[in-house]
Amino acid sequence: MIKSMTGFGRGEFSDGKRNVICEIKTVNHRYADISVKMPKRYSFAEEKIKAQIKEQMKRGKADVSIIVENLTEGDITVKLNTPVAEQYIENLKELKNGYDLAGEIDLRLVSSMPDVLKVIPDVEDEEEVTAVICSAVDIAAKNLDEMRTVEGEKLAEDLLMRGELIRDIVKKIEVRAPLVAKEYREKLEARIKELVEDKVDIPEDRILIEAAVFADKANITEELVRLDSHMLQLKSFLTESDGTVGKKLDFLVQEMNREANTIGSKANDLEITSLMLETKSEIEKIREQVQNIE
């Protein structure tokens, strides 16, 4: 089953104490690269989250966002930082008296000062919290996987269509290729007659040898067979493989390009060159699509 590396999944889970929202966004990448953004006090769950996502994502870059909404006071404790508060009060009094400023030093002012009130993580049961977070991650990962699978099916359909299109072009070239040497011989004979104007007899075997040399240099049979074989292999990867095939497809596209370039350089025929330009255009589209396959 072909999967796209691009997708999005969202999951939400609540255990009555906490409500956890997880969002996962993925894009293409050579390897599996997962980054997690979550409240620092729950960082103990990060490795478990990454391992959970890697079970379903073998390649791609994933940005994971975790939001934890506490429904009770179990995970946090707010404490007064008395030494800091006292220093603020003393300095404010000095500022007020020293410059004869109006205004009161009240609770609202002091409590709004940085670090007077501190939120301290107080997670009593890390395993319990990890399980809740991972439940949300599991829902998000499954939704992500469904989207990536749907996108993968669309990619596979497009690639199969382009593979068949290239195979049709190969068949046209196979019909055209044998005629190239014949036309070259006819043009060679006509050109020689034009130059010598029937004043010199040109041995037939010399023309045959020259035509044979050209035919050998312009022979693209092997390349056409290999290119067609690559298209069949592409179809096999897309319809029969169960797992990650992105890297295999990337290598296969390189081989397609190699054969197309060789055919274009050896053919020495405008019609075949035109067909190969069309082929290379389709191969480039295949290459672009393959970059998004896991």
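Leu117 sits partly out in the open in this predicted model: its relative accessible area is 47%, which makes it partly exposed. The residue belongs to strand S6, and it has nonpolar company. Together with Val78, Leu80 and Val119, Leu117 makes up a nonpolar patch on the surface, with about 390 Å² of accessible area for the group. Strands S5 (76-80) and S6 (117-121) each put at least two residues into this patch.

Strand S2 (residues 18-27) tells another story. Seven of its 10 residues are buried, so the rest of the structure largely encloses it. On one side there is strand S1 (residues 7-14), which pairs with S2 in the antiparallel sense through eight bridges. Ser14 has Asn19 of S2 as its bridge partner, and Arg10 stands opposite Glu23. Three residues separate the two strands of this hairpin, and Gly16 takes a positive phi near 95° there. S2 is also joined to strand S4 (residues 60-70), again antiparallel, by 10 bridges. Glu23 turns up here too, standing opposite Ser65 in S4.

Salt bridges are plentiful enough to count: the structure holds 25. One of them brings the side chains of Arg18 and Glu128 to 3.3 Å, N to O. Since Arg18 is in strand S2 and Glu128 in helix H4 (residues 126-196), the pair ties together parts 110 residues apart in sequence. Arg18 counts as buried at 6% relative accessibility, while Glu128, at 28%, is partly exposed.

Helix H4 has another such link. Arg176 forms a salt bridge with Glu271, with 3.5 Å between the closest N and O atoms. Here the partners lie in H4 and helix H8 (residues 270-290), so parts 95 residues apart in sequence are tied together. Arg176 is buried, with a relative accessible area of 12%, and Glu271 is partly exposed at 44%.

A more local case comes from helix H7 (residues 246-267), where Arg258 and Glu255 are three residues apart and thus separated by about one helical turn. Their side chains meet in a salt bridge of 2.9 Å, N to O. Arg258 is partly exposed at 46% relative accessibility, whereas Glu255 is buried at 16%.

Salt bridges also link Glu222, Glu223, Arg226, Glu259 and Lys266 in a network. As for helix H6 (residues 221-240), its 20 residues should span 28 Å at 1.5 Å a residue, and the end C-alpha atoms are indeed 28 Å apart, which agrees. The buried residues in H6 include Glu223, Leu227, His230, Met231 and Phe237.

Methods:
Residues numbered from 1 in each chain as written. Predicted model: local features only at pLDDT ≥ 70, side-chain atom pairs only at ≥ 80, totals over all residues. Heavy atoms only, no water. Helix = DSSP H or I, 4+ residues; strand = E, 2+ residues; numbered from the N terminus. Expected span 1.5 Å × (residues − 1). Buried < 20%, exposed > 50% of the residue type's maximum accessible area, 1.4 Å probe, protein only. Pairing = 2+ DSSP bridges. Patch = residues over 30% accessible without salt bridge, like charges linked within 9 Å, V, L, I, M, F, W, Y side chains within 5 Å. Areas by Shrake-Rupley, 256 points an atom, 1.4 Å probe, with all protein chains shown as cover. Salt bridge = Lys/Arg side-chain N within 4 Å of Asp/Glu carboxyl O.
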